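Trainee: Please take me through one part of this model in detail. I would like the sheet first, then what packs elsewhere.

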Amino acid sequence: SPAEFRSLSAVTKSRILKGVKKEDKLYFELWDHTSLLWSLDVSSSLEFVYADSSFGSIAWSSDEERVTFIGERKVQKPKLITDDNMMSVVDNESKVAREYFEAFREKGNFGETLDKKSNPAIFILDLRTKSIVEVDEKSLNNVIPCYPSFFKTEGIVFAGIEEPAFKLGLRYCLNRPTKIFYFGINKSIEEILSSEKSPDKTND
C-alpha cells in the first residue's frame with residue numbers, strides 16, 4: 001500500500017534505496033548513506049511496491065546497479081465520456097468500449113491483510129539509467145509472481161503460484177502448486193522447476 005511504500009527501504013554497504021510518497025506521487029530515492037543522489041518519479045509505472053512475506057520485497061543485483069521487486073501494476077483510468085467518443089462507448093464491439101468497461105471490471109484481491117493487492121507484476125529498476133520496466137508475463141496464465149531475485153547479473157529467477165480463475169488468500173495458506181521461472185536476457189520466461197502435489201499421491 002502507499003503506507004508501505006513510504007516506509008520502504010533497501011540497504012547495501014554503499015547505497016540506500018527509499019520509497020517516498022509525496023501527495024499523489026510515488027518516488028524512488030537513491031542515497032549513498034550521507035546524501036541524496038537522485039529521485040525518480042515512478043507514479044506512471046506502478047501503484048506501489050509489495051513488501052511482505054507472501055510476495056517478497058526489493059532484491060539487489062550483485063553489482064548493485066539494479067533492483068527487482070513485485071509491484072502493483074498500474075491500472076489505467078477510464079477515459080471520460082464526451083460527445084466525441086460517446087458513440088464508440090455505446091458500441092460494445094469497439095476498442096474504446098472494451099477499454100472503458102474493462103476499467104470497471106472487478107479485479108479481486110488476495111484478502112487477509114492483502115486486500116489492497118490485486119495485480120502483482122515484476123519490475124526492474126535500473127539505477128544507472130534511472131529507468132523502470134515491467135517484465136512481460138502475458139505468457140504465464142493464472143500464475144501469480146513472487147520473490148524475484150537476480151541470478152548473477154544475467155536474469156531473474158522468481159516463484160509463480162498457480163491460481164484458478166479467481167484469487168484466493170495467500171497470507172495463511174501457501175500450500176499451492178508453485179513453479180520456478182527464469183527471465184533471461186532474451187526477454188523470454190522459462191519454467192525451470194515444478195513441484196506439484198497431488199492428493200492422489202502418497203509416500204509409501
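Mentor: Strand 2 (residues 16–22) and strand 3 (residues 25–31) are antiparallel partners, joined over seven bridges. Strands here are DSSP runs of E, at least two residues, numbered from the N terminus, and two strands pair if DSSP finds at least two bridges between them. Lys-22 has Lys-25 of strand 3 as its bridge partner. The wider sheet is open, with four strands in the order 1-2-3-4 and antiparallel pairing. Strand 1 (9–11) and strand 4 (36–41) are the edges; each has a single partner strand, so one side of each lacks a neighbour in the sheet. From one strand to the next, the twist averages 20°.

This is a predicted model: local features need pLDDT of at least 70 and side-chain atom pairs 80 or more, while totals for chains, interfaces and linings use all residues. Numbering starts from 1 along each chain as its sequence is written, and side-chain values use heavy atoms, without hydrogens or water.

pLDDT is the predictor's confidence in each residue, from 0 to 100. The protein chain averages 79, and 70% of the residues score at least 70. Strand 4 has the highest confidence, at a mean of 95; helix 1 (residues 2–6) has the lowest, at 53. A helix is a DSSP run of H or I, at least four residues. Over residues 197–204, pLDDT stays under 50, and the model has zero contacts beyond four places in sequence there. Contact means heavy atoms within 4.5 Å.

Now the packing. Phe-158 is in contact with residues beyond four places in sequence, including Ile-122, Leu-140, Phe-183 and Ile-189.

How values were computed: Axes are lines fitted to C-alpha atoms, for helices over the stretch in contact, and angles run from 0 to 180 degrees between N-to-C directions.
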